[in-house]
Amino acid sequence: MKELPKIYDPNNVEDKWFDHWLEKKYFHSEPQPEKKAFTVMIPPPNITGMLTMGHILNNTLQDILVRKARMEGYETMWLPGTDHAGIATQARVEKFIREQDGKTRHDYGREAFIERIWEWKEQYGGIIIRQLQKLGVSCDWDRERFTLDEGLSKAVREVFVRLYEKGLIYKGRRIINWCPVSHTALSDEEVIYRESEGHLWYFRYPVSGLKDRHLVIATTRPETMLGDTAVAVNPRDRRYRDLLGKTVLLPIAEREIPVIADDYVDMEFGTGAVKITPAHDPNDYEIGLRHGLEFLNVMNEDASMNDTVPERFAGMDRYACRKAVVREFEAKGLLEKVEDYTHSVGYSERAGVPIEPRLSEQWFVKMKPLAEPALKAVNNGDIRFNPHRWVKTYNHWLENIRDWCISRQLWWGHRIPVFSCADCGWESALREDPDRCPVCGSAKVRQDEDVLDTWFSSWLWPFSTLGWPEDTPDLEYYYPTDDLVTAPDIIFFWVARMIMAGLEFMDDIPFKNVYFTGLIRDMQGRKMSKSLGNSPDPLDIIEDYGADALRFGMMLIAPKGHDILFDTSQIEVGRNFMNKLWNASRFVLMNRNEKTGAGTLPQKDELLLADRWILSRLKATIRSVDGNLSRYRFNDAAKDIYDFTWSNFCDWYIELIKPRLYGNNEKERSSALSTAVYVLRSLLKLLHPYAPFITEEIWQFLKTSDDPDIILAPWPGEEKIPADKAAVRDMELIMGVITAIRTIRSEMTVPPSKKADVLIGGGTEESRKILEARRGDLISLGKIGALKIAGKVEKPALASSAVVKGLEIYVPLEGLIDIEKERERLQKEISAYEGRINASQSKLENPAFVTRAPEKIVEHERKKLGNYRETLALLKENYRKLTV
């Protein structure tokens, strides 16, 4: 029979099996009416993206769900694809042509530039998809979609026209996030907020008609005062009641602006009087609407000052203007004071510069009518969020929803399908491009220059990828989908919008369950990023450790919905586990024969205590894994598999059956091997969704001629596995005694080659009988010389002891170790740990450390101190035992 190679090398295995699965089309799905579908849609990564640890987490979770469902007999379909990523891709290609050709997009013109992006996309875009395949994800790669492909473009246009015809899409002037580098509107999720050290300038605005009376306002953005059209105070603020209805003179601009009352004003901020710049602040915009103020835009698209400001400021960069304004206020004696001020500043995610709130004419979607059904779908349980706490966040967003700005001033993307006539003024959204104006027949018809927000295609992903708006067999069979796995930071921008779109256009939810992952952070609790240099390249990890080690190691540290503190040492745990499994499998395979190789369970009366125990543990493990995965507790299921494989199967069962394998009793040997093969087959199936490559490789050596590849093998059920509570109880006693003896040997540094005498007394007669029956296991696994088991034993003068379920265990130390040398060693260890404790205590008693260091670092130090104290107590107890 075939034997496994001595060493497991993932580089020899992983690509081989992925290619095999692709060749066999195991990932491909077609509607099968006689089978139940299980559908997952990949959150489409940007075509500009590269594989990150976040992608590893997200896609491993999805693959676990899909592979398990496939083994359970579902017709699984996991649809992959990429997002065209409007701003990111256009910026990337603009940089590319600038470096390669020395040109700008304007040098190319719109059509030629778009063609250049498509060329770049074919050459460089989608690298992340090929990288994901290194992870082993079992997507249906024949169905790969792109948010700008022909089918999705048709769906996007149909949705736009339908919403336009319902009056839910309109054009309006609103405050939007503006990127002065990309020259486009940004959605809220494209704005990253950072804490910034700045200043709060206090300016004095003279009150008209009242000599020597000023209103003092505080601002973080002095340059925008040139666009002020009012000063607002709270109507309940007694300090300013006499000024309501009066005007102030806006310095520099020399304009009269009114003093108004509005409840929005915080009386505690600054002086309680605020400048109102309706065209450059979203809150001021709302105040401006309420009070009918003038909306004065003072900036160009690149955030330089425009010609509405005094001539000496026109053309200045916004920050140069800021300095110039402050200088003039100071020169006029109108600068009251300046304070240091830390505040949150929005940055363009792509360009890395502060965004500018800007009044602009854009296209919007009315969201409230779409949000109401989406709220009900989640709150009535049609869609389940895991963890459930994210429902509160979802409700907050949708209950306070604002209209969605969907237009972007880009060339790359879905162009807005609104056409207008230059001659008669006709305008409408159309499913097909018109040749002439349908009203007057003029050929002077132009399409809107803007493109749609990238999310406008992404929110249709669950059904547009299945052929909508056509009524296709795929749509009927696979929709609604089952599970969505995503990060909570896009709960509103993607998850909520997909729910709205599904209910609006399919009259059904898009998915039944949503699992929100945590963020991956470094061991200091910092979010991983290239700028911090704390984000490893997953491909390097796969090269060094293997994809299975990465997947499984990651899952062990991924608590449900919580952030993950990542370190490559955790992937070493995954690699060590794979090696442990490989060696155990190799041992079983080396000992099996034709009779035992099929993994058929022996008759019940042929099972010995260890067999009955391992089968009971297997049954409990399968049940626990099923329960944990049904609750999306991926790490707990991984821990179940890890503990069963490493401890129960490898460390205990295999060691327990070795005497039977090497003995002369063929019946006992056969039952041990048949049980071992049965258990190994089951645990490989349990592990396969987590570690697909190594399980497939071992399975090929283990499977019979009737077995399919493990990817299609049936998921293990626990119903037919016999359970034996008595066997579990008896084995726990035996294992407890052996573990206690091993612990004593370790603590007292008994050389591995030396056998120790052991005395066991007390307990119950039944417990002593159980030990007596397994005397051989105790002697073999405990490395025991002479073993005495009696109702009562006398404690030797120098001995280490333990108690297990009422049984007293003594290991005489005289002659086993050099007592004097051990005392010296323990004394040195005690002194060393006392020094560590003093150093740690000093650090924790230092207020500067406790208040300034990150909380996670302080907590780590506290845990370290606790561990030091526990170790010291153990060392002192061992020293005491040697001085009695």
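In this predicted model, the side chains of Glu718 and Arg623 meet in a salt bridge, with an N to O distance of 3.2 Å. Glu718 lies in the loop between α22 (692-702) and α23 (725-747), and Arg623 lies in helix α19 (residues 609-630), so the pair ties together parts that are 95 residues apart in sequence. The two partners fall into separate accessibility classes. Glu718 counts as buried, because its relative accessibility of 15% is under the 20% cut-off. Arg623 is at 45% and counts as partly exposed.

A second salt bridge joins Asp453 and Arg408, whose closest N and O atoms are 3.3 Å apart. This pair also links distant parts of the chain, 45 residues apart. Asp453 sits in the loop between β21 (451-452) and α12 (455-458), while Arg408 belongs to strand β17 (residues 407-408). Both ends are covered. Asp453 has a relative accessibility of 1% and counts as buried. Arg408 is buried as well, with a relative accessible area of 2%.

Glu449 and Arg446 form a further salt bridge, with 3.9 Å between the closest N and O atoms. That value falls within the 4 Å limit, so the contact qualifies as a salt bridge. Here neither partner is buried. Glu449 is partly exposed, with a relative accessible area of 39%. Arg446 is likewise partly exposed, at 45% relative accessibility. Salt bridges also occur as a network, which links Glu30, Asp140, Arg143 and Asp474. The total count comes to 63 salt bridges. Side chains of opposite charge can pair when their charged atoms come close.

Unpaired charges at the surface gather into patches. Arg92, Lys95, Arg98 and Arg350 form a positive patch. One of its members, Arg350, is found in the loop between β13 (335-348) and β14 (356-365). Its relative accessibility is 43%, so Arg350 counts as partly exposed. This value is over the 30% required for membership of a patch, which means that Arg350 meets the accessibility criterion. A negative patch is made up of Asp537, Asp540, Glu543 and Asp544. Of these residues, Asp540 lies in helix α16 (residues 538-545). Asp540 counts as partly exposed, at 45% relative accessibility. Asp540 therefore also clears the 30% threshold.

Helix α17 (residues 547-556) is mostly covered, with 10 of its 10 residues buried. Charged side chains are included in this buried set: Asp548 and Arg551 are among its members. Nonpolar members include Leu550, Phe552, Met554, Met555 and Leu556. Ala547, Ala549 and Gly553 are also buried.

Among the strands, an open sheet of 4 has the order β6-β5-β14-β16, with antiparallel pairing. Its edges are β6 (184-186) and β16 (404-405), each of which pairs on one side only. Strand β5 (residues 169-179) pairs with β6 in the antiparallel sense over 3 bridges. At this pairing, Trp178 stands opposite Ala185 in β6. Strand β14 of this sheet also bounds the loop that holds Arg350 of the positive patch.

Strands β10 (residues 247-250) and β11 (residues 255-261) pair in the antiparallel sense over 4 bridges. Val248 has Ile257 in β11 as its bridge partner. The hairpin of β10 and β11 has 4 residues between the strands. In this hairpin, Ile252 takes a positive phi near 70°.

Two loop residues were related to distant positions in sequence. Lys211 is found in the loop between β7 (191-206) and β8 (214-219). With a relative accessible area of 75%, Lys211 is over the 50% cut-off and therefore exposed. Lys211 and Met523 are 312 residues apart in sequence, and their C-alpha atoms are 62 Å apart in space. Gly73 lies in the loop between α2 (53-71) and β2 (75-79). Gly73 is partly exposed, with a relative accessible area of 41%. The sequence separation of Gly73 and Val391 is 318 residues, and their C-alpha to C-alpha distance is 32 Å.

Definitions and conventions
Residues are numbered from 1 along each chain as its sequence is written. This is a predicted model: local features need pLDDT of at least 70, side-chain atom pairs count only at pLDDT 80 or more; totals for chains, interfaces and linings use all residues. Side-chain values use heavy atoms; hydrogens and water are left out. Patches are made of residues with over 30% relative accessible area and no salt bridge: like charges are joined within 9 Å, nonpolar side chains (Val, Leu, Ile, Met, Phe, Trp, Tyr) within 5 Å. Accessible areas come from the Shrake-Rupley method with a 1.4 Å probe; for residues, only the protein chains shown count as cover. Lys and Arg count as positive and Asp and Glu as negative; His and the chain ends are not counted. The place of a charge is taken as NZ of Lys, CZ of Arg, CG of Asp or CD of Glu. Buried means under 20% relative accessible area, exposed over 50%, partly exposed in between (1.4 Å probe, protein chains only). Two strands pair if DSSP finds at least two bridges between them.
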